[in-house]
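Reader: Before any discussion, please put the sequence and the structure on display. Questions about particular features can follow.

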Amino acid sequence: MSKELPKDGSAELKIKISAILFMGLSHLLYLRDLVKGIFFALCEIAFLAYLPNTIRKVINLITLGTPKNDLPIKLRDNSVFMLIDGILMLSIVAMFVIVYVISVKSATKEYKDYCRKGYFGNQKENLNTALGKSFPIFGLAPSFIIVVVFVIVPLLFSVCVAFTNYSDPSHIPPANTVDWVGFQNFHELMGGNATWSKGFARVAGWTLVWAILSTFTCYFGGLIVAVQLKEINVKIAPYFRFIFILPYAVPGVVSLLVWKHLLNGTFGTINRTLQAIGLLAPDKTIPWLGTASMAQMTCVLVNLWAGFGYFMLLSMGTMTAISEDMYEAARIDGANKTQIFGRITLPLVMYQTMPLIIMSFAHNINNFGAIYFLTGGAPTVADSTTTLAGGTDILVSWIYKLTITLMKYNYASVIAVMIFIVLAPFAIFNFRQTKAFKEGEI
């Protein structure tokens with residue numbers, strides 16, 4: 001039948017239709033490519049064999065189960081498992097569609113090759129060609145599947161939870177089912193519920209302030225220290241570099257827990273030292289972590305201590321690429337150190353490190369450890385009783401409390417979705433605007 005195929009391309013529509021009707025059909029009937037034909041056909045047969053189970057899981061995804069209070073808890077519908085299974089099934093369907101499209105394109109391409117060459121290759125040639133061309137696909141397939149199962153599916157699950165009422169006390173599986181509620185959770189956090197919307201606005205505002213301050217204090221702190229170490233011509237300068245990088249080299253959990261005890265308002269070493277040297281009266285203490293505003297400032301300062309070393313090394317490495325002739329020419333023209341720093345060093349360093357500043361900003365928005373291990377989100381504020389969000393909680397630490405303590409998984413997912421919606425476009429847009437990205441050089 002394949003020998004009767006016209007070589008002028010007029011049978012292309014027939015090839016496409018047969019390939020669309022069943023995967024691998026064109027390869028088996030017309031193109032004499034048994035290897036691809038059998039492979040594609042087996043893919044569709046396996047999919048069709050599993051189709052009833054796929055349909056059942058997709059239906060469960062739509063309904064999320066029905067309450068069955070008369071049954072033991074273990075036998076009731078678990079809406080969370082149904083949600084995960086449904087998303088996984090949809091991912092499998094999407095991958096099947098991709099393979100289906102590949103099979104149709106493969107059939108069309110083989111027919112065009114036949115029209116160009118005027119003959120079909122034998123099975124050995126087809127096998128060698130298939131293995132050669134398919135090697136990158138089969139090589140990337142395991143990684144692609146792992147990314148889909150362990151990255152994309154959990155992300156989609158988190159997004160879907162934002163549109164459900166998955167929360168304590170009435171909708172925690174398997175005792176109770178979960179229902180789709182649309183944008184109700186978004187409405188409650190964005191203004192529908194005064195207490196929750198106020199808490200969300202407060203935490204979101206502080207998260208933005210925290211990300212900006214922590215990023216720019218560490219960056220410019222590290223840059224200033226790097227410039228000073230470069231300017232001083234003493235033999236001990238390398239030792240200073242080693243000392244300044246230690247806070248960054250030590251595990252952050254250890255450093256932050258130590259600072260938490262040092263800054264204790266009553267028993268902390270810092271307050272006791274200030275009392276001992278006479279800077280504080282014996283009955284006076286500084287509430288480093290006792291009030292919201294003071295604790296926020298303390299978080300920024302401790303983060304500066306822990307993070308400036310990274311930017312110091314980054315800036316020093318960047319400055320080594322700046323030609324000394326530029327500095328020498330500036331000195332000959334009468335420029336002082338401040339002018340040299342502002343007109344030469346700072347622009348060139350920022351030009352090369354701007355993408356890293358943007359990445360650091362994105363990291364600090366989700367810098368869970370810097371807040372949780374230092375303050376735990378404390379101190380409490382007016383809405384903490386209901387929302388559990390403390391005065392220093394950022395969005396990601398609040399998500400932790402909402403899930404672990406309050407079991408408000410729906411609100412936590414809404415916050416996670418909002419972080420992604422705001423942060424991802426911002427980071428991508430700003431990165432694309434940098435000269436380093438546009439010119440392709442760093």
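Reader: Which helices each supply at least two residues of the nonpolar patch?
Author: A patch is made of residues with over 30% relative accessible area and no salt bridge, where like charges are joined within 9 Å and nonpolar side chains (Val, Leu, Ile, Met, Phe, Trp, Tyr) within 5 Å. Elements are DSSP runs numbered from the N terminus: helices are H or I with at least four residues, strands E with at least two. The nonpolar surface patch covers about 1,000 Å², and Ile98, Ile102, Phe144 and Phe150 are among its members. At least two residues each come from α5 (79–117) and α6 (123–161).

Reader: What pLDDT do local features need in this model?
Author: Residues are numbered from 1 along each chain as its sequence is written, and side-chain values use heavy atoms, with hydrogens and water left out. This is a predicted model: totals for chains, interfaces and linings use all residues, side-chain atom pairs count only at pLDDT 80 or more, and local features need a pLDDT of at least 70.

Reader: What relative accessible area does Ile146 have?
Author: Ile146 belongs to the nonpolar patch and lies in helix α6, which gives the most to that patch, with 10 residues. Areas come from the Shrake-Rupley method with a 1.4 Å probe, and for residues only the protein chains shown count as cover. Buried means under 20% relative accessible area, exposed over 50%, and partly exposed in between. Ile146 counts as partly exposed because its relative accessible area is 48%.

Reader: Which residues are the buried ones of helix α1 (residues 12–21)?
Author: The exposed side of α1 has Leu13, Ile20 and Leu21. The buried residues lie on the other side and pack against α2 (25–29) and α5, a contact being heavy atoms within 4.5 Å. They are Ile15, Ser18 and Ala19.

Reader: Why do Ile15, Ser18 and Ala19 lie on the same side of α1?
Author: An α-helix has 3.6 residues a turn, so residues three or four places apart point the same way. The arc is that of the directions from the helix axis to the C-beta atoms. The buried residues are on the same side of α1 because their arc around the axis is only 100°.

Reader: Which residue of α8 (residues 194–231) forms a salt bridge with Asp383?
Author: A salt bridge is a side-chain nitrogen of Lys or Arg within 4 Å of a carboxyl oxygen of Asp or Glu, and the structure holds 10 of them. Asp383 is in the loop between α15 (368–372) and α16 (384–387), and its partner is 181 residues away. Asp383 is buried, at 7% relative accessible area, whereas the partner is partly exposed, at 26%. With 2.9 Å from N to O, that partner is Arg202.

Reader: What is the N to O distance between Glu328 and Arg331?
Author: Both residues lie in helix α13 (residues 324–332), three residues apart, about one turn of the helix. Glu328 is partly exposed at 43%, and Arg331 is partly exposed at 42%. Their side chains meet in a salt bridge at 3.6 Å.

Reader: Which residue meets Asp393 in a salt bridge?
Author: Asp393 is buried, with a relative accessible area of 1%. Its partner is also buried, at 14%. The two side chains meet at 2.7 Å, N to O, and the partner is Lys401.

Reader: Which helix gives the most to the largest nonpolar core?
Author: A nonpolar core is a set of buried Ala, Val, Leu, Ile, Met, Phe, Trp, Tyr and Cys residues joined through side-chain atoms within 4.5 Å. The largest has 22 residues, and those with the most contacts inside it include Leu189, Trp398 and Ile415. Two or more residues each come from α7 (184–192), α8, α14 (337–365), α17 (395–404) and α18 (409–433). The most, seven residues, come from α18.

Reader: What is the omega of the peptide bond between Ala378 and Pro379?
Author: Pro379 lies in the loop between α15 and α16. The bond joining Ala378 to Pro379 is cis, with an omega of about 5°.

Reader: What is the phi of Met407?
Author: Met407 lies in the loop between α17 and α18. It is partly exposed, at 27% relative accessible area. Although Met407 is not a glycine, its phi is positive, about 55°.

Methods:
Buried means under 20% relative accessible area, exposed over 50%, partly exposed in between (1.4 Å probe, protein chains only).
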